[in-house]
Amino acid sequence: MSSDDQALTGIIAQQIEDSPQRRIPFAAFMDLALYHPQHGYYGAGNQQLGPTGDFITASHLGSDFGELLADQLAEMWVRLGHPHPFDWVEMGAGQGQLAHHVLGRLKTTHPNCFKAVSCTLIETSPALQAAQKRQLRSWQDQGVPIAWKALADLPPNTWTGCLFSNELVDAFPVHRVTLTDTGLQEQYVGLTPGGDRSFETVLGPLSTSALADYFKWVGIDLAPPRYPLGYTTEVNVAALTWSAAIAERLQRGYVLTIDYGYDAQRYYTPQRTQGTLQCYNRHRHHSDPFYDVGSQDITAHVDFTALINQGKAHGLECLGQRPQALFLMALGLGDLLEALRSIQATDGKTLQAAIQHRNHLQSLINPIGLGQFQVLLQGKGLSPQALSCPLKGFSNPG
Ligand SMILES: C[S@@+](CC[C@H](N)C(=O)[O-])C[C@H]1O[C@@H](n2cnc3c(N)ncnc32)[C@H](O)[C@@H]1O
């Protein structure tokens, strides 16, 4: 265990000892483990993401993902009537590669949209915010407006454009609940007896009525006999707070959310008895959140029904949801694969580059990997004309 991890374990243990019942909700534990500004997994550094870190995301597989997304953005800009500025807001932007790829494509292929674009990045990790600033400095030097903001500081109706996130919502701290013979209970984190500051799970009453309300909200009745005793799952209350906050700040335009997850019926299927919590460390995954605290990512799948319902309640109309593979194919990923097929390799290096490029494209649409991620499109304040036909990413792949 690194000295950072020891410090974090001590901080969490102290919070537990200071709390009245010597336990904190799992969501509070996950929040500290991931986002403590000095020692949390995301707070402490920026080495976690990417091929040399713990996991990769679509933006580490070359520039195609960002470029196809930029084509979609340019179409949104036209549908919105060419607003200037056109807000491109990326929330949880990791190391900033995606924004870099998006701007590159807008500049070369959609120059008028590029001239109108104004970027805002919303990022809670100080280390990743610094990495984003390094990555995007050259664009700022070219005069592209790029600002880092905290969502809470922004007034309602701030943006006209597109609010985007990739693998953000799965990184929000979740509450964990377990069905017992006395009803639904919450999982808390306590300390094992013996004083060695090891963490253990303890059950207790729900810490907030938002948990019971959540299941009503998404139409799930977590009760026996349909659900077995011991059934454990997660509730992403933070996702609801976030969805309401961004809906309020969008004046006119789109919310595009990409993540892994399911609709509520599939998420909370009785057969998924231990939920979806996953921990990532050096490209391996397991389900023990108390292992190497501060050095591993902790995530849970996203309940898209909750995002859709919450969006509707706050003025966001659901315009479409489909797997990432279909979204990217509709945007032209198939044409890129086809073009690679016809490359006449004259030397080994060209051939190797073409093979790697093809592997990256196939990873983006892999039906048991990134391809099964869900892409949710919501909209607000759109004209009947803008709504008259689906955006390219939601049309039938040609
Ligand atoms: C799994 S990473 C995804 C990074 C990037 N989008 C990508 O696809 O490579 C999650 C990102 O969300 C950020 N994050 C987590 N909670 C956040 C919040 N409430 N607001 C903004 N960013 C947040 C993390 O610091 C990190 O940059």
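**Ligand site, ring pair and backbone exceptions**

Colleague: How far is a nitrogen atom of the ligand from a polar backbone atom of Asn 166?
Modeller: The model is predicted. A pair of N or O atoms is taken as a polar contact within 3.5 Å. For the ligand nitrogen and the polar backbone atom of Asn 166, the distance is 2.7 Å.

Colleague: Which residue has an N or O atom in its side chain 2.5 Å from an oxygen atom of the ligand?
Modeller: Gly 92 offers a polar backbone atom, 2.7 Å from a nitrogen atom of the ligand. The contact asked about involves a ligand oxygen and a side chain, and that side chain belongs to Glu 123.

Colleague: How much of the ligand's accessible area does the protein cover?
Modeller: The ligand sits in the largest pocket. On its own it has 600 Å² of accessible area, and the share covered by the protein is 92%.

Colleague: How do the residues of the shell around the ligand divide into nonpolar, polar and charged?
Modeller: There are 17 residues around the ligand, and those that come nearest include Tyr 35 and Thr 57. Glu 123 and Asn 166 are also among the nearest. By class, the shell divides into 8 nonpolar, 7 polar and 2 charged.

Colleague: Are the rings of Trp 88 and Phe 164 stacked or edge-to-face?
Modeller: The structure holds 17 aromatic pairs. In the pair of Trp 88 and Phe 164, the ring centres are 5.3 Å apart and the planes are at 25 degrees. Planes under 30 degrees apart count as stacked. The pair is therefore stacked.

Colleague: How many residues apart in sequence are the parts that Trp 88 and Phe 164 tie together?
Modeller: Trp 88 lies in strand 2, residues 86-91, and Phe 164 in strand 5, residues 159-166. Because the two rings belong to these strands, the separation of the parts in sequence is 76 residues.

Colleague: Which residue is joined to Pro 85 by a cis peptide bond?
Modeller: Most peptide bonds are trans. Pro 85 is in the loop between helix 4 (64-79) and strand 2. With omega at about 5 degrees, its cis bond is to His 84.

Colleague: Where is Pro 225, to which a cis peptide bond runs from Pro 224?
Modeller: Omega of the bond from Pro 224 to Pro 225 is near 5 degrees. Pro 225 is placed in the loop between helix 8 (209-217) and strand 9 (232-235).

Colleague: What is phi of Arg 22?
Modeller: Arg 22 is in the loop between helix 1 (3-18) and strand 1 (24-25). Most residues other than glycine have a negative phi. Arg 22 has a positive value, near 55 degrees.

Technical notes:
Residues are numbered from 1 along each chain as its sequence is written. This is a predicted model: local features need pLDDT of at least 70, side-chain atom pairs count only at pLDDT 80 or more; totals for chains, interfaces and linings use all residues. Side-chain values use heavy atoms; hydrogens and water are left out. A residue is near a molecule or strand if one of its heavy atoms lies within 4 Å of it. A polar contact is a pair of N or O atoms within 3.5 Å; within protein, one must be able to donate a hydrogen and the other to accept it, and residues adjacent in sequence count only if both atoms are side-chain atoms. Accessible areas come from the Shrake-Rupley method with a 1.4 Å probe; for residues, only the protein chains shown count as cover. On a 1 Å grid over the protein atoms alone, a cavity is a set of points where a 1.4 Å probe fits but cannot get out, and a pocket is an open set with protein on both sides within 12 Å along at least five of seven lines; lining residues have an atom within 4 Å of a point. A molecule sits in a cavity or pocket if more than half of its atoms lie within 2 Å of its grid points. Ala, Val, Leu, Ile, Met, Phe, Trp, Tyr, Cys and Pro count as nonpolar, Asp, Glu, Lys and Arg as charged, and the others, Gly among them, as polar. Rings of Phe, Tyr and Trp (its six-membered ring) pair if their centres lie within 6.5 Å; planes under 30 degrees apart count as stacked, over 60 as edge-to-face and the rest as tilted. Helices (H or I, at least four residues) and strands (E, at least two) are DSSP runs, numbered from the N terminus.
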